[in-house]
Amino acid sequence: MLIVTKPGISKEAFEALLEEIKKQGYTPHVSKGESRTLIGAIGAPPTAELMEHFRALPGVEQVIRISKPYKLASWEVHPEPSVLEFATGKTGNGYFMVAAGPCGVESREQILTAARYVKQHGGQMLRGGAFKPRTSPYAFQGLGVKGLELLAEAREETGLPVVTEVTSPDLVSVVASYADVLQIGARNAQNFALLKAAGGSGKPVLLKRGMSMTLDEFLMAAEYVLSEGNPNVILVERGIRTFEKSTRFTLDVSAVPVLKSQTHLPVWIDPSHAAGKRDYVVPLALAGIAAGADGIIVETHPNPEEAKSDAAQQLTEDEFAAMMQRIKRLLPALDKEIAISA
Ligand code: PEP
Ligand code: MN
């Protein structure tokens with residue numbers, strides 16, 4: 001439930017209210033506004049009696065049932081758009097970021113080359129999988145911890161924060177010790193043990209939408225991370241399964257405005273995994289941005305033909321550079337800002 005306090009509530013009454021919320025078995029999440037403060041009391045659906053009990057306490061103006069199953073992700077509990085801040089830029093509320101890099105970290109030379117040109121052409125974050133969730137157990141599984149070390153080296157040299165996937169709860173602590181952002185992939189988007197562990201890591205989480213997830217289910221997955229006390233979640237639409245075979249998945253562009261109407265969290269798109277083919281990546285990126293995305297995560301490889309995973313969809317350096325120029329021209333028309341380093 002949402003408890004709205006009266007404008008002049010005393011400090012003592014406010015503290016007593018927080019104590020009472022906890023005593024009743026709820027967790028308070030305070031959101032301070034200009035004149036009033038909102039307290040999201042997060043827990044089981046409240047009874048009418050309990051709501052009445054809170055209504056009668058000193059300093060309480062209103063008690064409202066939160067209508068959605070997700071609470072912390074909702075605008076009701078968090079009426080301001082969330083902005084996540086990194087060394088190189090921000091995302092959310094008009095700030096736009098580009099995370100780019102290869103599908104997987106393959107070698108020192110490959111990741112350093114990619115990191116250098118991602119930075120040179122204006123990207124703000126480096127991506128690269130060290131633990132790869134592959135459909136086939138015989139396909140390249142990633143370099144593991146060695147890949148994490150190489151990502152850290154690339155960050156050291158370029159200053160780009162790194163985002164990399166974590167595929168199981170036991171790997172969260174090692175991945176979090178190297179990465180700036182933990183990626184949870186489409187195939188693990190409803191791995192609740194992993195969502196909780198990532199939530200408890202203290203690192204921002206980039207959460208991909210599962211290929212068969214509804215948007216409500218996606219928001220409930222984010223709620224798992226948020227409910228561990230981690231407010232830094234980026235939602236990524238990366239294409240869903242449909243009957244259409246000409247692209248690898250179908251980018252659900254409408255997910256962007258729908259999610260933004262339901263949540264304060266930044267919403268990004270991943271045009272690479274949706275497209276599956278290099279030629280379609282840039283149009284999908286531009287479409288997602290035009291629909292209101294706060295960022296994109298895109299695959300690019302110094303030599304895509306030789307990539308050990310997702311070879312067909314990774315942009316060349318030249319394609320990436322050209323896309324960045326188009327994005328920089330598009331953003332002002334959408335009243336969005338990007339931290340331009342090139
Ligand atoms: C990836 O980003 O490398 C990846 C595997 O993406 P997804 O989980 O969206 O398939
Ligand atoms: Mn990939």
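Here are a few notes on a predicted model, covering a sheet and its helices, one loop residue and the ligand site.

1. Start with the sheet. It is open and has 4 strands, in the order β2-β3-β1-β4, with antiparallel pairing. At the edges sit β2 (27–32) and β4 (60–64), each of which pairs on one side only. On average, neighbouring strands in this sheet are turned by 20 degrees against each other, if you ignore direction. As background, strands of a sheet pair through backbone hydrogen bonds, and they can do so parallel or antiparallel.

2. For a closer look at one pairing, take β2 and β3. Strand β3 covers residues 37–42 and runs antiparallel to β2, with 6 bridges joining the two. If you want one pair to find on screen, try Thr27, whose bridge partner in β3 is Ile42.

3. Now the helices. Helix α1 (residues 11–23) lies across β1 (2–5), β2, β3 and β4, and its direction makes an angle of about 145 degrees with β2. Helix α2 (residues 48–55) lies across β1 and β4, running at about 165 degrees to β4.

4. Ile9 is a handy landmark here. You'll find Ile9 in the loop between β1 and α1. Which residues does Ile9 touch, leaving aside its neighbours within four places in sequence? The contacts are Phe14, Leu17, Pro58 and Gly59. For a sense of scale, Ile9 and Ala287 are 278 residues apart in sequence, and their C-alpha atoms are 47 Å apart in space.

5. Next, the ligand. Around ligand 1 you'll see Arg127, Lys132, Glu165, Gln183, Gly185, Ala186, Arg187, Lys208, Arg238, His273 and Glu299. Sorted by class, that shell has 7 charged, 3 polar and 1 nonpolar residues.

6. Some side chains around the ligand are worth zooming in on. In Arg127, a side-chain N or O atom is 2.7 Å from an oxygen atom of ligand 1. For Lys208, the distance from a side-chain N or O atom to a ligand 1 oxygen is 2.8 Å, and a polar side-chain atom of Lys132 lies 2.9 Å from an oxygen of ligand 1. How much of the ligand's accessible area does the protein cover? Ligand 1 has 300 Å² on its own, and the protein covers 97% of that.

Key
Residues numbered from 1 in each chain as written. Chains lettered and ligands numbered in written order. Predicted model: local features only at pLDDT ≥ 70, side-chain atom pairs only at ≥ 80, totals over all residues. Heavy atoms only, no water. Pairing = 2+ DSSP bridges. Axes fitted to C-alpha atoms, helices over the stretch in contact; angles between N-to-C directions. Contact = heavy atoms within 4.5 Å. Near = heavy atom within 4 Å. Polar contact = N/O pair within 3.5 Å; in protein donor to acceptor, adjacent residues only side chain to side chain. Areas by Shrake-Rupley, 256 points an atom, 1.4 Å probe, with all protein chains shown as cover. Nonpolar A, V, L, I, M, F, W, Y, C, P; charged D, E, K, R; others polar.
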